[in-house]
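Could you walk me through this structure, stop by stop, while I have it open in the viewer? I would like to know what to select next and what is there.

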Amino acid sequence: MLYRENGQFKTTYRGDQQIFPILQDRTAIGLVLGVAFLLVPLAANEYVFRAILIPFLILSLAALGLNILVGYCGQISLGTGAFMAVGAYAAYNFMARVDGMPLLVALLLGGLTSTVVGVLFGIPSLRIKGLYLAVATLAAQFFADWAFLRVPFFTNNSSSGSVSVASLSVFGMAIESPVSKYLFCLTIVCVFALLAKNLVRGHLGREWMAIRDMDVAAAVIGIRPVYAKLTAFAVSSFIVGVAGALWGFVYLGSWEPAAFSIDRSFQLLFMVIIGGLGSIMGSFFGAAFIVLLPLFLSQVPALLGIPLSVTIASHLEFMIFGSLIVLFLIVEPHGLARLWATGKEKLRLWPFPH
Amino acid sequence: MNTRNRIWLAVGLCSLFANSHAWAQAKEQFIPLLVYRTGPYAPNGTPWANGKQDYLKMVNARDGGINGVKITFEECETGYATDRGVECYERLKGKGPTGATAFDPQSTGITFALTDKAPGDKIPLITPGYGLSAAADGGVFKWNFPILDTYWTAADILIQHIGKKEGGLEKLKGKKIALVYHDSPYGKEPIPLLQERARMHGFELQLLPVTAPGVEQKSTWLQVRQARPDYVLLWGWGVMNSTALKEAQASGYPREKMFGVYWSGTEPDVKDVGTAANGYSALNMQNELGTTKAAQDILKYVHAKGEGSGPKDEVGSILYNNGMIISMLTVEAVRRAQERFGPGKPMTGEQVRWAFENLALDQKKLDSLGFGKLVRPISTSCVDHMGVPTARVQTWDGAKWNFVSPPIEADLSLLKPMVKVAADKYAAEKKLTRRTPADCQSDAMK
């Protein structure tokens, strides 16, 4: 009743090609952005910013990047943590070695470095597929772990191997307070989400999807697999690299390679699978599920006033979290994004289903 | 609930975020406890965490708190992961009427991440025997307190001990010493000092990293077997230590020539490896082994009531004592702060920071606290956040640890300049300026 497009006529091609062709969607997204940009900074406390919203935004961005590769182009990657690490360490090196390097430029250069490395490790994808490609990208993960632990150049000869960043600022504004960090991340995430959405709607995205669905058929109709696969690797690792740099600079402030370990790669892959492969929205759902749920579960006993020792609470957290993942994959193998889409379909017919 | 939270709830993200409780201005001192009772480091993290918590419970039960201020505490599980540790820090830092007293992160990685955050939140970090070695310089690291020892003092004391065994440090010339270390900031911290010592005495330093968590060390010990170093220094944590001892046995390296850091010389490291650990030595920051009067008080006031955090028989073990010492230092810092800023009141992190900088725990005070000789007397100052660093070497005989050396003092004439250089480098990177003498004074005036 409320959510249907009856009477919304498209009279131009432009109107027909909007990201959100339905008025209700546009209003909803505008409201979400309004809340995120205006209301949340007023209402949330420091813990919510620093421990929940900032990691959620940054990991959403990383999941978005990975979704382009895995969800849209069908190339499974287990090297996301490595590409994040490349982005973070490259940005760190640009900041530390070049005097007066602006933060934003360093982040983007970190992303570009990650692009180069991503394309390099994407080359095997031209020959190998599926599980074998996953193993090849796993090599990227181990290589990055090794390089950032053992090569002193990357850590600017830090004796402990841990690097940290000095005060951050953008256009003369200090990115110090939780609110400014949140708004900074939010802006970057919004820009990248918009770019990614437009990329996947365009010819490049269609090429990726064609390759994903059947690469031989795609090649027959004139799509170059080399170009399609490598651009997917490039775009994906660029976004992932920027997310890695944000994770190091904005969230941790000081990090070691363990921050981008294989666990991070798996975590991101789970986000994409649970959120929904091939869906921009799904990346956010997946990140929310993986980041927020463990935090929520770990606080439930305290919120309910049940005196549980942290050991039991944390074991319970693992068990519930694990079973929820399994449950979700059984109930809705296409992820939370599909659940969302189904919900919208139902809402269109409500309250008069067939 | 304040208005902010009400708006927030209206947004619909409900209970998860309703985290800032309305704290009445109670006479309570909140002490956050970052712990790990799960994951690969749990066997070592658990007794440490139990010691920290039990001591606080005991002070509440025995003395009714600190001058009438009840101690409250909350644990948060970090799993030794930096990002989880940061989340725990954010979760706990604002609790209690005056916020968190001081954090003991139990992890070098988390300490590094919190070192950047603590000055902004005005909460001291206390890292006895771990963390950032350069943080002994209070002139740059205003909020870090590696009281007692650091990794650099450990490395220094170990080399001194080995030198003594050889009959003088000059006898180390031409010798080969290998460092088998956890490949993380924790394991890498001692390297600069060892390199400096190697230059001074002319021994060769071989670096053998072990990938965390350290269950796979075959290739490392193959290298040890090939290179046959005269001594092996072990810088492991958790499961890495017992694995190293087993691998040493398998590759035929004599355990008598292996020396561990404080964190490689506790009961969980050697208990389950059988004969492989016999003859292995390690450092201990504590001057006494076994139970103290404070530990007996814990048995009496906490365990006897069934409120102990762990099994009774771990009371008095090295890691348990370590946790107890950390809580004691925190409690005594609060007491010191109260003397200065108002007895019987909860202290803020800023006030406790002043107290950490002005600790004066002499033998008489330690005896009265029931710590006896477990900890050596400690006095800190504005520029010196560590005190005089000493440690003893102990050897495992198959059933228990036995001291084989008196307390050895780290060579401050070597350490101090290195600490200063490292601290200055940190200050330059972070664009910080060294604290002025006036800054030390102004704190005392508050």
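Which residues does Ala85(A) touch, not counting residues up to four places away in sequence? Select Ala85(A) together with Phe148(A) and Phe260(A), since these two are the residues in question. Keep in mind along the way that this is a predicted model.

**Stop one: around Ala85(A)**

Ala85(A) belongs to helix α4 of chain A, residues 80-97. Its relative accessibility is 4%, so Ala85(A) counts as buried. Now add Ser261(A): in sequence Ala85(A) and Ser261(A) are 176 residues apart, yet in space their C-alpha atoms are 8.6 Å apart.

**Stop two: aromatic rings in chain A**

Keep Phe148(A) selected and add Tyr89(A), Tyr92(A), Phe153(A), Phe154(A), Phe249(A) and Trp255(A); ring pairs link these residues into a cluster. Next, show Arg97(A), whose charged end sits over the ring of Phe153(A), 4.0 Å from the ring centre.

**Stop three: two helices of chain A**

Select residues 178-201 of chain A for helix α7 and residues 203-213 for helix α8. These helices pack at an angle of about 65 degrees, and their axes are 4 Å apart. α7(A) and α8(A) are therefore roughly perpendicular to each other. To see the contact, pick Leu199(A), Val200(A) and Arg201(A) on the α7(A) side, then His203(A), Leu204(A), Gly205(A), Arg206(A), Trp208(A) and Met209(A) on the α8(A) side. Colour the contact by class and you will have five nonpolar, two polar and two charged residues.

**Stop four: a covered helix in chain B**

Move to helix α3 of chain B, residues 82-92, where nine of the eleven residues are buried. The buried ones are Thr82(B), Gly85(B), Val86(B), Glu87(B), Cys88(B), Tyr89(B), Glu90(B), Arg91(B) and Leu92(B). What covers them? Show both chains: the cover includes α3 (46-72), α10 (225-252) and α12 (280-304) of chain A, along with β1 (28-35), β2 (70-77) and α4 (108-121) of chain B.

**Stop five: rings in chain B**

Over all chains, the structure holds 34 aromatic pairs. For one of them, select Tyr55(B) and Phe371(B), an edge-to-face pair with 5.6 Å from centre to centre and 65 degrees between the planes. Tyr55(B) lies in helix α2 (residues 42-63) of chain B and Phe371(B) in the loop between α14 (363-369) and β11 (378-379), so the pair ties together parts that are 316 residues apart in sequence. Tyr55(B) is buried at 1% relative accessibility, and Phe371(B) is buried with a relative accessible area of 0%. A ring with a charge over it is found at Trp143(B): the charged end of Arg353(B) sits 5.3 Å from the ring centre.

**Stop six: Val375(B)**

Go back to the loop between α14 and β11 of chain B and select Val375(B). Is Val375(B) buried or exposed? Its relative accessible area is 3%, so Val375(B) is buried. Leaving aside neighbours within four places in sequence, Val375(B) is in contact with Leu148(B), Asn287(B), Ile325(B), Met328(B) and Leu366(B). Lys93(B) is 282 residues away along the chain, with 28 Å between its C-alpha atom and that of Val375(B).

**Last stop: Asp156(B)**

Finish in helix α5 of chain B, residues 151-166, by selecting Asp156(B). Asp156(B) is buried, with a relative accessible area of 0%. Beyond neighbours within four places in sequence, the contacts of Asp156(B) are Leu193(B), Arg197(B), Ala410(B), Asp411(B) and Leu414(B).

Note on methods:
Residues are numbered from 1 along each chain as its sequence is written. Chains are lettered from A and ligands numbered from 1 in the order in which they are written. This is a predicted model: local features need pLDDT of at least 70, side-chain atom pairs count only at pLDDT 80 or more; totals for chains, interfaces and linings use all residues. Side-chain values use heavy atoms; hydrogens and water are left out. Axes are lines fitted to C-alpha atoms, for helices over the stretch in contact, and angles run from 0 to 180 degrees between N-to-C directions. Angles under 35 degrees count as roughly parallel, over 145 as roughly antiparallel, 65 to 115 as roughly perpendicular and the rest as oblique. Contact means heavy atoms within 4.5 Å. Ala, Val, Leu, Ile, Met, Phe, Trp, Tyr, Cys and Pro count as nonpolar, Asp, Glu, Lys and Arg as charged, and the others, Gly among them, as polar. Rings of Phe, Tyr and Trp (its six-membered ring) pair if their centres lie within 6.5 Å; planes under 30 degrees apart count as stacked, over 60 as edge-to-face and the rest as tilted. Buried means under 20% relative accessible area, exposed over 50%, partly exposed in between (1.4 Å probe, protein chains only). A charge sits over a ring if NZ of Lys or CZ of Arg is within 6 Å of the ring centre and within 35 degrees of the ring normal.
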